[in-house]
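Reader: Hi! Could you walk me through this one while I have it open?

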Amino acid sequence: MTALLQTSALTRAFGGVVALDRLDLVVTRNEILGLIGPNGSGKTTFFNVVTGIYRPDSGEVVFDGMDITGASPQAVYRAGISRTFQRSRLSLPLSIFDNIVIGNHKRLNHGLWFNLVRRADLKRQFEANYLAARELVEAFEPELVGRIFEPVAGLPMIDRRRIEICRALISEPKLLLLDEPSAGMTHDETAELMDDILQVRDRDKTLTIVIVEHEMGVIERITDRCVVLNFGRKIAEGPYRQVAADALVQEAYLGVA
Amino acid sequence: MQPQRATRASLVPGLGAIAAVTAYLIALLAVEKQPIIIGLLGAGIAGTFAAAWLGMLRPVGRSFAECEDALGGYAVLAACVVAAAFYDNHFVLLLVVTVLLYSVATLGLNIQFGYAGVLNFAGASFFGIGAYTAAVLNSHTAIPPLLVPLIGGLLAALIGSSLLFPVLRTRGHYAAVVTIAFALLLRTFLEVNDVLGGPQGMQVKGMQILGWSFNDNIEIGKHLELSFYMNYFIVSLLLLVGAFVLVRRLERSWVGLNLDALRLDETAASCFGLDIARWKITAFLLGNFLIGIAGALFGMVGGFVAPNNYTFADSLILVSILLLGGVGNPWGSVAATAIVVIIPEKLQTIQEYRFLLYALIVIAVLLFRPEGLLPRPVRQYFPGWRP
């Protein structure tokens, strides 16, 4: 039980609204942690602060023994954290392959000379990435393999989510942050996507996942442990059944009876 | 990929299209009577619609997508055929050279706007910087004129880098406003600066290579005399080929992917490690470099440069060429440049109304074909590559 990600007294306010309030949170290696809480409880802000989109006002973030407090999104990604977004953020005019391979940025050679002149070497790198992207797509939805060079714009929501997850996975991160993967999908589609996520975890047991989700069925099914936030504070922690029975949690979700 | 040859698209439709366009161009450039020109233009538009209606354009597109290298070679050949058909005609050759050099400039804009999404409304200013560089260097220094365009390009990139800070700090429309301000400032600077000729401008000495002056007609034997513009035609064509290959390879590489990713979503791109500033700078400098080279050569072709030649209105025309041709598609940029440069020159009757014509064309394209005449296809890293 070693910590992969640890925050201490992490605080971030927007004007007068304190979105994260001295949050101490530990993500253990190889677990699937559910991050739950009512709307506006700070879940997405937590992701945005950890991944460097927002700077914390105070507090500390340590990832894999490295202090990444206030680091840029680029540095956080290079350290081994990948994420998906609550509202799908794919580049719609680009192909499935393009979208996925963007996620492998840290392993691609970006030199102008390499890209413009050493085309044979570029082709080798391209082919290796094609195989990697294809393998990922095949694991999620074999039907998409034949359409890997078609624009993402024509795909339904569930496939876009899958591609977003593939984009996050291709660089083989240590920590995967999933921000409400079920948003905008039907019940059946959500179930299908969760199967996919569990399957990914089965393939790579060392992958640690933090998932923000409103669908409690999803949380119950796939998480090892949950952390409940309310007004930026941690109000409960433990296996889903335990936190679901917690009086404070019920109050946060349902209001005081 | 030898075994897959059989499934490849055929070269024939692309070749047919190139041949048809070449024949049409020669006819259009040859006739001078206004009614015939109007008739030809009408026939060209009708012919294009008819071809689209009959589904003949789809195979053309496919053969261009898969056999681009070969067809590119034939397109170069076609340009040479057009030039050869008018070997002693100064006016037509100047027009062709103008198309070639403006195409290089729009390819530069294409890197900036089409890929990185940095809107540059000072394209003509950077073009002018190239031309002024040629004017100054050719008359005051002994730098070999063949190197001058290169220096013009470097200088355009260097002066353009003064815009980097505001362009990186602002987004979208605001960055565009910064470039407009630059265009106005540069023009004022040139007008009040007597060393650079003030509002009257400067003469630009022509290109010379090893004592061979580009501004003399070429005599072959006793009876054949080629227009001196033929010299410039060859150099401009080489430059366009180089710029085209550069832009193509750029798009079909990880760099092109990076530029697209940051244009479409900077936040997502940052979360996957893209250094936004690095790629915006790369695109902006590379684009201005191409525009500056073209401008320097164009200054030598015209022999004269003045602040009035490179105004904000000209920058707008460059941007409208990009929109007309299809943002991000280099073939579209070249085709649209030909349309926008040649039609007003040939249609002398509308000369006064050329801006009206541009406006109408752009509005029509935005209304009926918002992605331009030749919309950009999905990226193919290695054309013809099959898994």
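Author: Happy to, and we can go through the chains, some elements and the contact in turn. This is a predicted model, in which local features need pLDDT of at least 70, side-chain atom pairs count only at pLDDT 80 or more, and totals for chains, interfaces and linings use all residues. Residues are numbered from 1 along each chain as its sequence is written, while chains are lettered from A and ligands numbered from 1 in the order in which they are written.

Reader: Great. What does the secondary structure of chain A come to?

Author: Chain A has 10 helices and 10 strands. Helices (H or I, at least four residues) and strands (E, at least two) are DSSP runs, numbered from the N terminus.

Reader: And how does the radius of gyration of chain A sit against a compact globule?

Author: The two agree: chain A has 19 Å, and a compact globule with 257 residues would have a value near 18 Å. The radius is taken over C-alpha atoms, and the globule rule is 2.2 Å times the number of residues to the power 0.38. Along the principal axes, the C-alpha atoms of chain A fill a box of roughly 65 × 40 × 35 Å.

Reader: How much of chain A is buried?

Author: Buried residues account for 43% of its 257 residues. A residue is buried if 20 or more other C-beta atoms lie within 10 Å of its own, exposed if 12 or fewer, and partly exposed in between, with C-beta atoms placed from the backbone.

Reader: Let's look at sheets. In what order do the four strands of the open sheet in chain A come?

Author: The order is 2-1-4-5, with antiparallel pairing. Strand 2 (17-28) and strand 5 (66-67) of chain A stand at the edges with a single partner strand each, so one side of each has no neighbour in the sheet. Strand 1 (residues 3-14) of chain A runs antiparallel to strand 2 of chain A, and eight bridges join them. Two strands pair if DSSP finds at least two bridges between them. A:Q6 has A:V26 in strand 2 of chain A as its bridge partner.

Reader: What about strand 9 of chain A, is it enclosed or open?

Author: Strand 9 (residues 225-230) of chain A is largely enclosed by the rest of the structure, because five of its six residues are buried. It pairs in the parallel sense with strand 3 (residues 32-36) of chain A over four bridges, and A:I36 stands opposite A:V228. With strand 10 (residues 233-238) of chain A, strand 9 of chain A pairs in the antiparallel sense over five bridges. In the hairpin of strands 9 and 10 of chain A, two residues lie between the strands and A:F231 takes a positive phi near 50 degrees.

Reader: Nice. Switching to helices: which residues of helix 7 of chain A are buried?

Author: They are A:T190, A:L193, A:M194 and A:I197. Seen down the axis, the buried residues fall within an arc of 105 degrees, so they line one face of the helix; the arc is that of the directions from the helix axis to the C-beta atoms. They pack against helix 6 (157-169) and helix 8 (216-222) of chain A. Contact here means C-beta atoms, placed from the backbone, within 7 Å.

Reader: And which exposed residues does the face turned away carry?

Author: That face of helix 7 of chain A carries A:D188, A:Q199, A:D202 and A:R203. Another residue in this helix is A:E189, which is partly exposed, with 16 other C-beta atoms within 10 Å.

Reader: Now chain B. How many helices and strands?

Author: Chain B comes to 16 helices and six strands. Its radius of gyration is 21 Å, in agreement with the value near 21 Å for a compact globule of 387 residues. Of the 387 residues in chain B, 44% are buried.

Reader: Last one: how many residues does each chain give to the contact?

Author: Chain B gives 25 residues and chain A gives 31 residues. On the side of chain B that touches chain A, helix 11 of chain B brings the largest share, seven residues. By class, that side of chain B has 15 nonpolar, five polar and five charged residues. Ala, Val, Leu, Ile, Met, Phe, Trp, Tyr, Cys and Pro count as nonpolar, Asp, Glu, Lys and Arg as charged, and the others, Gly among them, as polar.

Note on methods: Contact = placed C-beta atoms within 7 Å.
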